[in-house]
Amino acid sequence: VLFPNTAQDVVQQPTDRQIHHQRQLEEERLRIRRAVSRATREALWHAHVEHLPQLNRLHAYSWLLQELYQHSLPLDPGTMLLEVGCGLGDLARVIGLNHAYHVAHQAGAPRMPLRYIGLDRHAETLTSANEALSRLHQDLSRTLPQRFAETPAMQTEWLAADWPLAWPIHEHTVDCVFANLAISFTVSPHAFLRQAAAALRPGGRLILTCFQPHTDLTALSHEELLQTAQPADEATRQILFHHLGRLHEAVR
């Protein structure tokens, strides 16, 4: 509001040099913020992988993995599956187990196996996932018919790559992309979805899960305590609470 006889402040236009200097400051501030954000995401992903065994004990999480398998059906022979951020291969074991029993009860000659590609950051994580899946195949070969051992129901491939930035996958080669609790750890969700769309064949499917920012993750742990016959010790409960909190931080 301007009143009569009130002196107005003189507006000073910045010089080109001042504008250039301000732009440099803002670009440097943005660069530092992105670098810190990326380091934080990497630390959160390490924590996520380390606490996956704790999360896998939750009945709700095991049910979620089964739901992801159901959403991928039908799985025709030779279907190519890609899981981005596969972690310790929990979903791969669920898919392999369900599909193995499905194939074992089919009549006729063995069909082409599924092709599963697990994509994660570190080779050590993928080695653990491969060992767990190999133990599952050994158990299945002892319980299922002999032809399962001769022609496995699923062929696996593990790729170590910085998947939040780029995927080493050719365009239009994948039938189904899984991203289970992984999009929160990416640099850009939009870039993540664009890469998924580029990798999928026409008519392909993207199956994505993510906690919402307002989700009460403590309800999962309380539900687990109620379902467990023996009360969980305080250390186990604190680890679970810590992991759920880190997941929430990744979402934010």
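Strands β1 and β4 pair in the parallel sense over three bridges. Pairing requires that DSSP find at least two bridges between the strands, and both helices (H or I, at least four residues) and strands (E, at least two) are DSSP runs numbered from the N terminus. The structure is a predicted model, in which local features need pLDDT of at least 70 and side-chain atom pairs count only at pLDDT 80 or more, while totals for chains, interfaces and linings use all residues. Residues are numbered from 1 along each chain as its sequence is written, and side-chain values use heavy atoms, with hydrogens and water left out.

**The sheet**

Five strands, with parallel pairing, make up an open sheet in the order β3-β2-β1-β4-β5. Its edges are β3 (154–160) and β5 (200–209); each has a single partner strand, so one side of each is left without a neighbour in the sheet. On average, and with direction ignored, neighbouring strands of this sheet are turned by 20° against each other. Such angles are taken between lines fitted to C-alpha atoms, for helices over the stretch in contact, and run from 0 to 180 degrees between N-to-C directions.

Strand β1 (residues 80–84) also pairs in the parallel sense with β2 (residues 114–120), over five bridges. Positions facing one another across β1 and its partners are tabulated below.

| Residue in β1 | Opposite residue | Partner strand |
|---|---|---|
| Met80 | Arg115 | β2 |
| Leu82 | Ile117 | β2 |
| Leu82 | Val177 | β4 |

In a regular strand the side chains alternate between the two faces of the sheet. Within β1, Met80, Leu82 and Val84 point one way, Leu81 and Glu83 the other, and all are buried. Buried denotes under 20% relative accessible area, exposed over 50%, and partly exposed in between (1.4 Å probe, protein chains only).

**Helix α7 and its surroundings**

Helix α7 (residues 189–199) packs on the sheet and touches β1, β4 (174–180) and β5, its direction making about 145° with that of β5; contact means heavy atoms within 4.5 Å. Gln195 lies in this helix. With a relative accessible area of 18%, Gln195 is buried. Residues up to four places away in sequence aside, Gln195 touches Trp163, Leu165, Ala166 and Trp167.

In edge strand β5, which contains Leu206, that residue counts as partly exposed at 32% relative accessibility.
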